[in-house]
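Q: Please take a close look at one helix and how it packs against its neighbours. A plain account for a first-year student would do.

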Amino acid sequence: MENNVRPADMRRINTAELAEAFIAEQVEKVRAQVGEKKVLLALSGGVDSSVVAALLIKAIGKQLVCVHVNHGLMRKGESEQVIEVFRNQLDANLIYVDATDRFLDLLAGVEEPERKRKIIGGEFIKVFDEEAGKLEGITFLAQGTIYPDILESDGVKAHHNVGGLPEDMQFELVEPVKLLFKDEVRVVGKALGLPVSMVERQPFPGPGLGVRCLGAITRDRLAALRESDAILREEFAKAGLADKVWQFFTVVPDFRSTGVRDGRRAFDWPVIIRAVNTVDAMTATVPQLPWAVLETVTSRVLAEVPGVCRVLYDLTPKPIGTIEWE
């Protein structure tokens, strides 16, 4: 049987007991595969890479080297959470790279969405390659490949690290969750003790906030996007909507609108709320959010986020609109 084919009799990992059994099995397999050698992992902070990191730490401890690249386009608090959970709590061998200025300087003045994606993906590869080049004795490369990646893209986890990883990296792969579906990965992550906020993390595009800060990215508009998104997530959590809406986020376009602030005319950005429900991401519907929640989010964004004078709710289903704006 091919290693990338899920056995027909493989039980669904949907309970803590089954997750513990899966973890114990994979720990033994990883130890047998790796031996005393070192493993490199690009730790994005997403569900898949985080669960793989926690599993490998349990199996081989400091033999795992995690590299977290902050490209400056993460959501509020995400890089800090990676450091707190993996370095401070799990005592991981974690390399943190703050490449914010490097990415944002390259993106300055770039408006076209696909060009932005290519810049972000290409630069990620360069940064990761540079960090990998500083290390000695790395034999294996761990990846958060899951079963849908194998079914949909011949096993290539390209989206996982923005643009994939350097093609010339001649490492043997370690992929302990490659036969699991996303919901099973979450169950395993909880059994490993990862925070719920990390295990239940929403889908997040590889280019991060770069495709939600529409048009040419500026630091002030990026800051407004990050803060408004944090407010939306906080209020959805308070209202019990975080586990009822499949994905929700804010968008800040590259144009301004007239408003009035403190008795004076203001010329500031709008913040657009996007929330969708979907099964397969091929089609999506827009939920009817409680009016009180929308009012609270609007009031907080207008009061707490500099440079914003309007808050809008995107009512467009997919099709004809896509889930992301870029």
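A: What follows describes one helix and its two packing partners, then a core and two single residues.

This is a predicted model, in which local features need pLDDT of at least 70 and side-chain atom pairs count only at pLDDT 80 or more, while totals for chains, interfaces and linings use all residues. Residues are numbered from 1 along each chain as its sequence is written, and side-chain values use heavy atoms, with hydrogens and water left out.

The helix is H7 (residues 182–191). Helices (H or I, at least four residues) and strands (E, at least two) are DSSP runs, numbered from the N terminus. Two packed helices are described by the angle between their axes and the distance between the axes. Axes are lines fitted to C-alpha atoms, for helices over the stretch in contact, and angles run from 0 to 180 degrees between N-to-C directions.

Helix H1 (residues 16–34) packs on H7 at about 85 degrees, with the axes 9 Å apart. H1 and H7 are therefore roughly perpendicular (angles under 35 degrees count as roughly parallel, over 145 as roughly antiparallel, 65 to 115 as roughly perpendicular and the rest as oblique). From H1, Ala 19, Glu 20, Phe 22 and Ile 23 meet Val 187, Val 188 and Ala 191 of H7, where contact means heavy atoms within 4.5 Å. The residues of this contact comprise 6 nonpolar, no polar and 1 charged. Here Ala, Val, Leu, Ile, Met, Phe, Trp, Tyr, Cys and Pro count as nonpolar, Asp, Glu, Lys and Arg as charged, and the others, Gly among them, as polar.

Helix H2 (residues 47–60) also comes up to H7: their axes come within 10 Å and cross at roughly 40 degrees. That makes H2 oblique to H7. In H2, Val 47, Asp 48 and Val 51 meet Lys 182, Val 185, Arg 186, Val 188 and Gly 189 of H7. This contact of H2 with H7 holds 4 nonpolar, 1 polar and 3 charged residues.

Elsewhere, the largest nonpolar core has 46 residues, and Val 301 is among those with the most contacts inside it. Such a core is a set of buried Ala, Val, Leu, Ile, Met, Phe, Trp, Tyr and Cys residues joined through side-chain atoms within 4.5 Å.

Thr 298 lies in helix H10 (residues 291–304) and is partly exposed at 23% relative accessibility. Gln 247, in strand S6 (residues 247–251), is buried at 5% (buried means under 20% relative accessible area, exposed over 50%, partly exposed in between, with a 1.4 Å probe and protein chains only).
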